[in-house]
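Biologist: I am new to this structure and would like to learn how to read it. Could we take a few features in turn?

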Amino acid sequence: MTRHRVLAIVAYKPSARDPEGETLADELRRLGYTWVQGIRAGKAFIVEVEAESREEAERLVEEMARETRLFNPAVHTLLVITLA
């Protein structure tokens, strides 16, 4: 078994309203960052996993996220990436 660091990113689906991202984008434009067209807010988790492969580590984290309701699949997306 090898230790893997897996990044899980939870964000609102493109079709879902994102008040935090909208507020951040508005404030940044007010501060002069006029090139900011939009921001989608979310959460990131780095999970250390013992697994045989990167693919297995990602599968384990995705399974854990779904079983523990780490995100709401009705309004969120989940992106899982092995870091190292």
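Modeller: This is a predicted model. Take R69 to begin with: its relative accessible area is 55%, and exposed means over 50%, so R69 counts as exposed.

Biologist: Where does R69 lie?

Modeller: R69 sits in the loop between α2 (54-67) and β3 (76-82). Its phi is positive, about 60 degrees, although R69 is not a glycine. Another positive phi, of about 110 degrees, belongs to G32, just after α1.

Biologist: How many residues does helix α1 have, and what should they span?

Modeller: The expected span is 1.5 Å times one less than the number of residues. Helix α1 covers residues 19-30, which is 12 residues, so 16 Å is expected; the end C-alpha atoms are 16 Å apart, in agreement.

Biologist: Which residues of β3 are on the covered face, and which on the uncovered one?

Modeller: In a regular strand the side chains alternate between the two faces of the sheet. In β3, the covered face has H76, L78, V80 and T82, while T77, L79 and I81 make up the uncovered face.

Biologist: Which strand is joined to β3 by bridges?

Modeller: Strand β1 (residues 2-12) is joined to β3 by 7 bridges, and the two run antiparallel. One bridge pairs A11 with T77 of β3.

Biologist: How many aromatic pairs does the structure hold?

Modeller: There is 1 aromatic pair. Y33 and W35 form it, edge-to-face, with 6.0 Å centre to centre and 90 degrees between the planes. Y33 is partly exposed at 42% relative accessible area, whereas W35 is exposed at 65%.

Key. Residues are numbered from 1 along each chain as its sequence is written. This is a predicted model: local features need pLDDT of at least 70, side-chain atom pairs count only at pLDDT 80 or more; totals for chains, interfaces and linings use all residues. Side-chain values use heavy atoms; hydrogens and water are left out. Rings of Phe, Tyr and Trp (its six-membered ring) pair if their centres lie within 6.5 Å; planes under 30 degrees apart count as stacked, over 60 as edge-to-face and the rest as tilted. Buried means under 20% relative accessible area, exposed over 50%, partly exposed in between (1.4 Å probe, protein chains only). Helices (H or I, at least four residues) and strands (E, at least two) are DSSP runs, numbered from the N terminus. Two strands pair if DSSP finds at least two bridges between them.
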